[in-house]
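Trainee: I should like to request a close look at a single part of this model. Please set that part in the context of its chain and of the assembly.

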Amino acid sequence: MIRLVFLGKFGDVAPAGLAEISLPGGVRTLGDLQSWLARQQPLLGRAMAATRTRLIVNQCVAHDLSCPVADGDEIAFLPPMSGG
Amino acid sequence: MQVRLTDRIFDPQAETAAFTAGRDDAGALVSFVGTCRAATDGGAVEELRIDHYPGFTEKEITRLAQEISRRFDCPDLLVVHRVGRIRPGEAIVLVAALSVHRAKAFEAVKLLMDYLKTDAPLWKKESGPDGARWIEPRDEDHARRIAAEKGWV
């Protein structure tokens, strides 16, 4: 299983069922995962494509979409931030 | 260094008093409080909601605060940030810096606020009579952050 966390506006369009899923077949990297999500959830895919999306793997910033994804990982999708 | 997120109303004066209690090593205290406005460019605001990523958000704000503390030689920094639902008039953020002299404390608070606007993992959603909208950093927020980085301001 992998855990997916959608923050900010991504949380509005991501179904709750995505919070914990089996690692989809053929998904080996963050890039694969993002493509899989865009196919499964076009609304979410469009929301992520329309803005700068940062990916966090197990609470660490991922700098590269070739970063591997493995069973047990937590992956968070962050839209642009707006604190303060 | 203290960084705290809270989903409760907080009293900036009481937080600042607790932060400075017993301190005789600093000649300057500078603090900034950001509050929720009842109206913004987007219209009337009835409620603000701030999302965060538990664990990661605290870690990132602490990292930003540590970087600024090192750069400005501040003995101590305090950040208190609300998350969850916030009503107009309530404090959203408190940033305070204790330093030997005032110049560095002013600079540290200003840069930390610039960082929080663009780099802290927090997401604001305003709700009003016309519906809800997610807020993203404005171009001027990014420009201010870049200028501050370069030491122009």
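Trainee: Which elements of chain A do the buried residues of H3(A) pack against?

Mentor: The model is a predicted one, and what follows should be read accordingly. The buried residues of H3(A) pack against three elements of chain A, namely helix H1 (9–13), H2 and E5.

The residues concerned are Leu44(A), Ala47(A) and Met48(A), which are the buried residues of H3(A). Because they cover an arc of only 95° around the axis, they are placed on the same side of H3(A). An α-helix has 3.6 residues a turn, so residues three or four places apart point the same way. The face of H3(A) turned away from this buried side carries exposed residues, and these are Pro42(A), Arg46(A) and Ala49(A).

Helix H2 of chain A, one of the packing partners of H3(A), spans residues 30–40 and has Leu30(A), Leu33(A), Gln34(A) and Leu37(A) as its buried residues. These cover an arc of only 100° around the axis, which puts them on the same side of H2(A). The contact with H3 is found from this helix as well: the buried residues of H2(A) pack against helix H3 (42–49), and also against strands E3 (54–57), E4 (60–62) and E5 (74–78) of chain A.

Strand E5 of chain A is thus named among the partners of the buried residues of H3(A) and among those of the buried residues of H2(A). Four of the five residues of E5(A) are buried, so this strand is largely enclosed by the rest of the structure. Its neighbours in the sheet can be described pair by pair. Strand E1 (residues 2–6) of chain A runs parallel to E5(A), and four bridges join the two. Within this pairing, Leu4(A) has Ile75(A) of E5(A) as its bridge partner. E3(A) is also joined to E5(A) by four bridges, but this pair runs antiparallel. Here Ile56(A) finds its bridge partner in Ala76(A) of E5(A).

The sheet continues beyond E3(A). Three bridges join E3(A) to E4(A), and these two strands run antiparallel; Leu55(A) has Ala62(A) of E4(A) as its bridge partner. Taken together, the strands form an open sheet of five, in the order E2-E1-E5-E3-E4 (chain A), with mixed pairing. Strand E2 (20–21) and E4 of chain A stand at the edges; each has a single partner strand, so one side of each is left without a neighbour in the sheet.

The wider chain gives the setting for these elements. Chain A has three helices and five strands, and from the N terminus on its elements run β-α-β-α-α-β-β-β. For 84 residues, a compact globule would have a radius of gyration near 12 Å, and the 12 Å of chain A agrees with this. Along its principal axes, the C-alpha trace of chain A spans about 35 × 25 × 20 Å. Buried residues make up 29% of the 84 residues in the chain. Of the contacts in chain A with a separation of 6 or more, 63% are accounted for by residues 24 or more positions apart.

There remains the relation to the other chain. The contact takes 15 residues from chain A and 22 residues from chain B. On the side of chain B that touches chain A, helix H2 (56–72), helix H3 (102–119), strand E9 (122–128) and strand E10 (131–135) of chain B each supply at least two residues. H3(B) gives the most to this side, with five residues. By class, the side of chain B that touches chain A has twelve nonpolar, four polar and six charged residues.

The largest nonpolar core has 48 residues, and those with the most contacts inside it are Phe10(A), Phe77(A), Leu77(B), Val95(B), Ala97(B), Ala108(B) and Leu112(B). H3(B) provides the largest share of this core, eight residues. Val95(B), not counting residues up to four places away in sequence, touches Ser31(B), Phe32(B), Val79(B), Val109(B), Leu112(B) and Met113(B). Helix H3 of chain B also contains Lys110(B), which is partly exposed, with 19 other C-beta atoms within 10 Å. The C-alpha atoms of Lys110(B) and Phe32(B) are separated by 8.5 Å, although these residues are 78 residues apart along the chain.

Conventions:
Residues are numbered from 1 along each chain as its sequence is written. Chains are lettered from A and ligands numbered from 1 in the order in which they are written. This is a predicted model: local features need pLDDT of at least 70, side-chain atom pairs count only at pLDDT 80 or more; totals for chains, interfaces and linings use all residues. A residue is buried if 20 or more other C-beta atoms lie within 10 Å of its own, exposed if 12 or fewer, and partly exposed in between; C-beta atoms are placed from the backbone. The arc is that of the directions from the helix axis to the C-beta atoms. Two residues are in contact if their C-beta atoms, placed from the backbone, lie within 7 Å. The radius of gyration is taken over C-alpha atoms; the globule rule is 2.2 Å times the number of residues to the power 0.38. Ala, Val, Leu, Ile, Met, Phe, Trp, Tyr, Cys and Pro count as nonpolar, Asp, Glu, Lys and Arg as charged, and the others, Gly among them, as polar. A nonpolar core is a set of buried Ala, Val, Leu, Ile, Met, Phe, Trp, Tyr and Cys residues joined through C-beta atoms within 7 Å. Two strands pair if DSSP finds at least two bridges between them.
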